[in-house]
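Me: I would like to learn how to read the features of a structure, one at a time. Please give the general idea where there is one, and then the case at hand.

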Amino acid sequence: MKIFTAAQIHELDKYTIEHEPIKSIDLMERSARAITRAITSRWSPGVPVVVFAGPGNNGGDALAVARMLSDLNYQVQTFLFNISGKLSADCAENKQRLMTKRGHPLLTEVTQEFDPPQLEEGMLVIDGLFGSGLNKPLAGGFASLVKYINSSKAQVVSIDMPSGLMTDDNGYNVRANIIHATLTLTLQQQKLSFFFPEHQQFIGQLEVLDIGLSQEGIAKTEAHYTMVERGDVSGLLRPRDPFAHKGTMGHGLLVAGSYGMAGAAVLAARACMRAGAGKLTIHTPRRNMAILQTAIPEAVLHTDREETIFSEAVATDGFQAMAIGPGLGTTEQTAIAMITQIRRAQCPVVADADALNILAAKHAWLQQLPKGVILTPHPKEMERLEGQCTDSYERLMKARQLAERLQGYVVLKGHRTAICMPDGHIAFNTTGNAGMATAGSGDVLTGILLGLLTRGYNQQEACLLGVYLHGLAGDLAARDLGQESLMASDIINYLPRAFAVLGNHHTR
């Protein structure tokens with residue numbers, strides 16, 4: 001599913017109006033009906049409703065909703081803010097429709113001073129002040145109104161966007177001047193800012209309402225952001241040749257595990273094998289031998305000459321893919337061996353964990369990474385690589401720029417993991433849950449990516465499919481075990497079910 005910017009949303013509205021064809025006021029009416037249905041499915045007519053409408057089309061939506069709720073016998077009090085004396089055409093039309101309707105709800109048009117109504121627990125506020133077109137922080141009276149609403153115990157429904165929250169970049173926004181919605185009813189599609197953790201406090205529960213925007217227009221509009229959904233990845237699954245053997249299913253190399261961190265190597269290795277690799281070789285310090293041979297007997301063990309650290313690069317001839325970094329350590333000897341190992345690689349490379357920490361400390365080495373490299377940083381690792389960020393949007397932009405600069409893939413991990421591609425496109429994953437915020441979860445993802453690359457998937461396919469499977473396995477595990485008790489090894493154990501779920505979807 002595509003995610004559009006504020007400017008693209010505006011153009012898509014225009015395209016729908018011109019090509020359906022439909023009048024803009026009728027498209028607004030269609031939106032208002034969808035919003036009203038969502039509200040009436042949750043709140044009964046006995047709940048007092050206060051509508052705050054701004055001067056633009058978001059306010060027009062709110063006025064239409066006020067009229068429709070009144071028709072359904074809701075007690076509605078409406079405030080239209082027209083401070084500048086300029087309403088959008090459709091907002092002005094909905095004002096007239098509301099005023100000329102027999103038995104219309106109380107409408108107060110605010111042009112100067114505003115005496116706010118008493119907002120109490122048990123009341124419902126409909127926030128229609130500002131929508132996706134907002135491009136600057138709220139200030140003055142609107143900021144005061146937002147703070148007043150937020151200080152009340154009333155429940156708040158925001159139309160399209162919580163007022164004050166901008167669609168894309170909120171780096172310079174004033175967070176105290178953003179509505180804290182109970183429910184956000186966003187129109188047609190999610191907005192980019194909804195994918196960032198610091199904004200969840202404003203959004204509350206989220207529901208996406210289909211308002212019938214032109215499917216032709218959506219298809220024609222190129223999106224820089226997309227959401228990865230089941231249908232997008234199920235078709236990527238490769239069926240196994242009935243005559244396959246381990247030699248035809250790929251051989252992966254995992255370089256991982258300093259002494260005391262063998263567990264990271266175990267998790268990545270088990271995930272790699274569960275992701276379908278035919279063979280796996282683990283290169284690790286000598287003291288990890290007994291642990292790894294016991295924990296993952298399916299893997300071939302190749303030990304470093306050193307007892308406790310990774311110190312020497314190994315040849316990659318005969319391997320279809322390599323992953324490096326989990327539990328590796330960051331000593332100077334390991335750092336040199338790490339960059340040497342990557343330079344020698346004749347196959348796709350996944351770099352994670354301590355490999356990223358080494359690259360952050362020796363930033364010039366980033367230039368030596370091969371095209372198509374996959375980096376899998378969590379937010380702190382991303383900031384070590386590219387510098388501190390004020391918010392998630394800035395971090396995402398830095399991850400995109402890094403992917404473009406390296407001509408590789410940056411998998412920025414989080415609740416909505418973002419896959420940044422060499423061409424600048426960003427795909428947000430839609431699986432996963434808070435139970436996966438546990439030690440070793442990233443090592444499991446590295447192993448899955450290695451397994452898929454080893455199987456023959458290209459880097460983009462491996463990233464899209466691997467991140468989705470990782471989250472799906474976590475969701476299946478959480479359903480059975482609960483989020484609180486989830487461990488990284490549970491994700492591995494549920495990978496077979498995740499593959500089965502995707503496979504069943506593909507065959508339907």
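Me: In which sense do strand β9 and β18 pair, and over how many bridges?

Reply: The model is a predicted one. In it, β9 (residues 225–228) and β18 are paired in the parallel sense, with four bridges. To fix the register, take Val228, which stands opposite Asn429 in β18.

Me: What joins β17 to β18, and in which sense do the two run?

Reply: Strand β17 (residues 418–420) runs antiparallel to β18, and three bridges join them. Here Ile419 stands opposite Ala427 of β18. The two strands make a hairpin with five residues between them, and in this hairpin Gly424 has a positive phi near 95 degrees.

Me: Are the faces of strand β18 covered or open?

Reply: The general idea comes first. Side chains in a regular strand alternate between the two faces of the sheet. In β18 (residues 426–429), Ile426 and Phe428 lie on one side and Ala427 and Asn429 on the other; all of these are buried, and both faces are covered.

Me: What is the strand order of the sheet that holds β18?

Reply: That sheet is open, has 11 strands and mixed pairing, and its order is β1-β9-β18-β17-β16-β15-β14-β13-β10-β11-β12. At its edges are β1 (2–3) and β12 (300–303); each has a single partner strand, so one side of each lacks a neighbour in the sheet. The partner of β12 can be read from its bridges: β11 (residues 279–284) pairs with β12 in the parallel sense over four bridges. Within that pair, Ile282 has Leu301 as its bridge partner in β12.

Me: Which helix lies across β10, β11, β13, β14, β15 and β16?

Reply: Helix α15 (residues 441–455) does, and it runs at about 165 degrees to β13 (321–324).

Me: How many strands are in the sheet that begins with β4, and what is the pairing?

Reply: Seven strands form this open sheet, in the order β4-β3-β2-β5-β6-β7-β8, and the pairing is parallel. The edge strands are β4 (106–110) and β8 (205–209), each with a single partner strand, so each has one side without a neighbour in the sheet. On average, neighbouring strands in this sheet are turned by 15 degrees against each other, direction ignored. At the β4 edge, strand β3 (residues 76–81) pairs with β4 in the parallel sense over five bridges. The bridge partner of Gln77 in β4 is Leu106.

Me: Which helices lie across strands of this sheet?

Reply: One is α4 (residues 89–100), which lies across β3 and β4 at about 140 degrees to β4. Another is α2, which lies across β5 (124–128), β6 (155–159), β7 (183–187) and β8, at about 155 degrees to β7.

Me: What span should helix α2 have, and what is the distance between its end C-alpha atoms?

Reply: Helix α2 (residues 24–40) has 17 residues, which at 1.5 Å a residue should span 24 Å; the end C-alpha atoms are 24 Å apart, so the two agree.

Me: Which residues of α2 are buried?

Reply: An α-helix has 3.6 residues a turn, so residues three or four places apart point the same way. In α2, the buried residues include Ile25, Met28, Ala32, Ile35 and Ile39. Ser31 is also in α2, and its relative accessibility of 4% makes it buried, the cut-off being under 20%. Apart from neighbours within four places in sequence, Ser31 contacts Asp61, Leu187 and Ile211.

Me: Is Thr184 buried or exposed?

Reply: Thr184, in strand β7, is buried, with 0% relative accessible area. Not counting residues up to four places away in sequence, Thr184 touches Ser158, Phe194, Phe202 and Leu206, among others.

Me: Where is His470, and what is in contact with it?

Reply: His470 is in helix α16 (residues 459–481), and at 10% relative accessibility it counts as buried. Its contacts, leaving aside neighbours within four places in sequence, are Met436, Ser441, Val444, Leu445, Ile448 and Ile491.

Me: What is the volume of the largest pocket?

Reply: The largest pocket has a volume of about 750 Å³. It is lined by 32 residues, and the closest to its centre are His10, Asp13, Asn57, Asn58 and Ser132. The elements giving two or more residues to the lining are α1 (6–19), α2 and α3 (57–71). Of these, α1 gives the most, with seven residues.

Methods
Residues are numbered from 1 along each chain as its sequence is written. This is a predicted model: local features need pLDDT of at least 70, side-chain atom pairs count only at pLDDT 80 or more; totals for chains, interfaces and linings use all residues. Side-chain values use heavy atoms; hydrogens and water are left out. The expected span of a helix is 1.5 Å times one less than its number of residues. Buried means under 20% relative accessible area, exposed over 50%, partly exposed in between (1.4 Å probe, protein chains only). Two strands pair if DSSP finds at least two bridges between them. Contact means heavy atoms within 4.5 Å. Axes are lines fitted to C-alpha atoms, for helices over the stretch in contact, and angles run from 0 to 180 degrees between N-to-C directions. On a 1 Å grid over the protein atoms alone, a cavity is a set of points where a 1.4 Å probe fits but cannot get out, and a pocket is an open set with protein on both sides within 12 Å along at least five of seven lines; lining residues have an atom within 4 Å of a point. Grid points are joined across faces, edges and corners, and a volume is the space filled by probe spheres set on the points.
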